[in-house]
Amino acid sequence: MTDHGEGTCRQVDTGMARVFGLLGKRWTGLIVSVLLEGPVFFAELRRAVPGISERMLSDRLTELAAAGLVVREVDGGPPLRVSYRLTEAGRALEPAFKELGRWAETYLADGGKCPARFRE
């Protein structure tokens with residue numbers, strides 16, 4: 001009989017758990033993908049991510065800033081404007097996001113479903 005104790009069970013990599021704990025939240029990846037193109041004012045960012053509320057955008061940006069991926073910058077104006085940009089750590093996500101985009105073009109191009117030729 002096979003031993004199924006704690007020592008033999010598979011566990012998710014702790015690094016991946018941290019990544020998806022942050023980037024796996026709804027909207028977060030989309031926000032980062034917009035910011036990869038450069039600094040963006042709050043209103044522009046909200047327009048770039050259809051369906052996100054101001055409150056949710058603000059919450060996600062606060063989380064990304066707390067994680068050290070985003071910097072909030074205030075332009076004293078007038079008018080007062082707030083922009084966001086990625087830190088070095090945030091910009092370091094670019095290769096992973098580009099690869100995910102290429103993967104999606106290959107494997108999710110069929111309306112979000114993996115084509116049958118790739119399912120086996």
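This section describes side-chain pairings, burial and a surface patch in a predicted model.

Aromatic contacts make a convenient starting point. A pair of aromatic rings is described by the distance of the centres and the angle of the planes. Two aromatic pairs are found in the structure. In one of them, the ring centres of Phe 42 and Tyr 84 lie 6.4 Å apart and the planes meet at 55°, so the pair is classed as tilted. Distant parts of the chain are linked here, with Phe 42 in helix H3 (residues 42-48) and Tyr 84 in strand S3, 42 residues apart. Tyr 84 has a relative accessibility of 9% and is therefore counted as buried. Trp 103 and Tyr 107 also form a tilted pair, at 5.8 Å centre to centre and with 40° between the planes. These two residues are four apart in helix H6 (residues 94-107), which means that about one helical turn separates them. Both rings belong to partly exposed residues: Trp 103 has a relative accessible area of 42%, and Tyr 107 has 28% relative accessibility.

Strand S3 (residues 81-86) also contains Ser 83, a residue that counts as buried at 12% relative accessibility. Beyond its neighbours within four places in sequence, Ser 83 is in contact with Val 40, Phe 41, Val 71, Arg 72 and Glu 73. Phe 41 takes part in a further arrangement, in which the charged end of Arg 81 sits over its ring, 3.5 Å from the ring centre.

Charged pairs come next. Side chains of opposite charge can pair when their charged atoms come close. Seven salt bridges are found in a search of the whole structure. One of them joins Arg 85 to Glu 73, with an N to O distance of 2.8 Å. This salt bridge connects distant parts of the chain, as Arg 85 is in strand S3 and Glu 73 is in strand S2 (residues 70-75), 12 residues apart. Arg 85 is partly exposed at 29% relative accessible area, and Glu 73 is partly exposed at 31% relative accessibility.

Within helix H4 (residues 54-66), Arg 60 and Glu 63 are three residues apart, about one turn of the helix. Their salt bridge has its closest N and O atoms 3.3 Å apart. Arg 60 counts as buried, at 12% relative accessibility, whereas Glu 63 is partly exposed at 25%. A network of salt bridges links these two residues with Lys 25. In helix H6, Arg 102 and Glu 99 form a salt bridge of 2.8 Å, N to O; being three residues apart, they are separated by about one helical turn. Relative accessible areas of 48% for Arg 102 and 45% for Glu 99 make both partly exposed.

Attention now turns to the N-terminal helices and their surroundings. Val 12, in the segment before helix H1 (14-23), counts as exposed at 62% relative accessibility. Together with Met 16, Val 19 and Phe 20, Val 12 makes a nonpolar surface patch of about 400 Å². Trp 27 lies in the loop between H1 and helix H2 (28-35), and its phi is positive, about 85°, although the residue is not a glycine. With a relative accessible area of 14%, Trp 27 is buried. H2 itself is mostly covered, with six of its eight residues buried; Thr 28, Gly 29, Ile 31, Val 32, Val 34 and Leu 35 are the buried residues.

Terms used: Residues numbered from 1 in each chain as written. Predicted model: local features only at pLDDT ≥ 70, side-chain atom pairs only at ≥ 80, totals over all residues. Heavy atoms only, no water. Patch = residues over 30% accessible without salt bridge, like charges linked within 9 Å, V, L, I, M, F, W, Y side chains within 5 Å. Areas by Shrake-Rupley, 256 points an atom, 1.4 Å probe, with all protein chains shown as cover. Salt bridge = Lys/Arg side-chain N within 4 Å of Asp/Glu carboxyl O. Buried < 20%, exposed > 50% of the residue type's maximum accessible area, 1.4 Å probe, protein only. Contact = heavy atoms within 4.5 Å. Phe/Tyr/Trp six-rings, centres within 6.5 Å; stacked < 30°, edge-to-face > 60°. Lys NZ or Arg CZ within 6 Å of the ring centre and 35° of its normal.
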